[in-house]
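Student: I would like to go through a structure step by step. May I put some short questions to you as we look?
Tutor: Certainly; please begin when it is on the screen.

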Number of protein chains: 2
Amino acid sequence: MEAKRTFFNLPEEKREKIIKAALEEFASKGWKGASVNSIVARAGIAKGSLYQYFRDKRSLFLFLFDKAVGVAKETLKRVKRQTAEKPLRERLRESLLAGVDFIERHPLLYRIYLQLVFERDVPFRQDLIGRLRVLSFDYILSLLEEALKRGEVREGLDLKAAAFLIDAVMERFLQLQAFPHLAPGWSPKGREEVEQRVEELVDLIEKGVRP
Amino acid sequence: MEAKRTFFNLPEEKREKIIKAALEEFASKGWKGASVNSIVARAGIAKGSLYQYFRDKRSLFLFLFDKAVGVAKETLKRVKRQTAEKPLRERLRESLLAGVDFIERHPLLYRIYLQLVFERDVPFRQDLIGRLRVLSFDYILSLLEEALKRGEVREGLDLKAAAFLIDAVMERFLQLQAFPHLAPGWSPKGREEVEQRVEELVDLIEKGVRP
């Protein structure tokens, strides 16, 4: 737990204000550029108060990161539950669209994630990115395992290789939402094109793994 | 052309020494951290001389980048030519292995590329990464187009979607060579495992696109 108990004793409104200020600061300036001074100014609180809630900038960042991972985990769990009876193809499609929606609903969290991926000099970067990749990899692997039991995936398929492929494609597709220049001439514009592209990718994947 | 004519008038040995010094400096410290002072110290030349060859740090970096893109282009062309008569599956396999070999033979160049991908604050970063992505995307697209003509790919397949998928998988696989934690428990150790993983990925891709 990276926040002190005093933080959880605050009224929810004040907690949200501090979280919002910190998210905005880290999203716009990255881990290294963000300053506690700016965060307290954004939140309209005294610097001394912030240190009553978090030991330092690092603790605050890790607290936000944990929160974000929690939201991502909940999202994946929900999609998994809601699509439990559907074929693999549908499950992948809805997972990918849930990712797009997540980015739209939490643009600051996604920006912080990209900052982390693209920023040097964050001492704990590899651990954090590693945690997210394991989360995503394991989620996809679990969908594949269930699909194998139902006979939707061919016997003898290397599930980890398939999970690796799907994870790589999904992540790159999500990155396109922020960096369309990663696939010039193919990056989707607008929801309709997003759904079309997702359909095409899922089709390729499903044909690759089916019996 | 980012180097001045004076640079090309130097004896090859001296040119190579300067290039090596600059590669080492950028690879170890990134674009922002690298200093012209360290580069001239590594190369054993006077600072004033370096400015006779390159206008500034940026020009020197862009010169190295162009050189690297040139080597990458040559590599892709060679693989394309050498595998011209082979089926798509083989061509993808050899392209991916050529990427692994390229990284092994040019570790500094690959480190500079990763620095660029993972470093904020490089003013021209998006352009440079974009250039490399287009290079890779177009290469894969051309393999798919040839495969389509030969009937190895199903009619109606969205070639750009397939190129996007293959490009994403290839790049992530190459990144694993430097960051095994991106796929814990699956990252290959040693050449034999690399070849095995490549085989598995290419198999998934080929099944996804074939008629």
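Student: By what turn and what shift can chain A be laid on chain B?
Tutor: This is a predicted model. In it, a turn of 180 degrees with a shift of 0.0 Å along the axis lays chain A on chain B, and the RMSD is 0.0 Å. That is the relation of a two-fold axis.

Student: Through which surface do the copies meet?
Tutor: They meet through the same surface, because 100% of the interface residues of chain A are also interface residues in chain B.

Student: Now to the helices. At what angle do H9 and H10 of chain A pack?
Tutor: The angle is about 170 degrees, and the axes lie 11 Å apart. An angle over 145 degrees counts as roughly antiparallel, so H9(A) is roughly antiparallel to H10(A).

Student: Which residues meet there?
Tutor: From H9(A), they include Leu165(A), Val169(A) and Phe173(A); from H10(A), they include Val198(A), Leu201(A) and Ile205(A). By class, this contact has ten nonpolar, one polar and one charged residues.

Student: And how many residues has the largest nonpolar core?
Tutor: It has 169 residues. Those with the most contacts inside it are Phe26 and Phe173, in chain A and in chain B. Helix H9 of chain B gives the most to this core, with 13 residues.

Student: What is Phe26(A) in contact with, leaving aside its neighbours within four places in sequence?
Tutor: Among its contacts are Trp31(A), Ile39(A), Phe61(A), Leu64(A) and Ile112(A), and also Lys57(A) and Gln115(A).

How values were computed
Residues are numbered from 1 along each chain as its sequence is written. Chains are lettered from A and ligands numbered from 1 in the order in which they are written. This is a predicted model: local features need pLDDT of at least 70, side-chain atom pairs count only at pLDDT 80 or more; totals for chains, interfaces and linings use all residues. Side-chain values use heavy atoms; hydrogens and water are left out. Copies are superposed by least squares on the C-alpha atoms of residues with pLDDT of at least 70 in both. Contact means heavy atoms within 4.5 Å. Axes are lines fitted to C-alpha atoms, for helices over the stretch in contact, and angles run from 0 to 180 degrees between N-to-C directions. Helices (H or I, at least four residues) and strands (E, at least two) are DSSP runs, numbered from the N terminus. Angles under 35 degrees count as roughly parallel, over 145 as roughly antiparallel, 65 to 115 as roughly perpendicular and the rest as oblique. Ala, Val, Leu, Ile, Met, Phe, Trp, Tyr, Cys and Pro count as nonpolar, Asp, Glu, Lys and Arg as charged, and the others, Gly among them, as polar. A nonpolar core is a set of buried Ala, Val, Leu, Ile, Met, Phe, Trp, Tyr and Cys residues joined through side-chain atoms within 4.5 Å. Buried means under 20% relative accessible area, exposed over 50%, partly exposed in between (1.4 Å probe, protein chains only).
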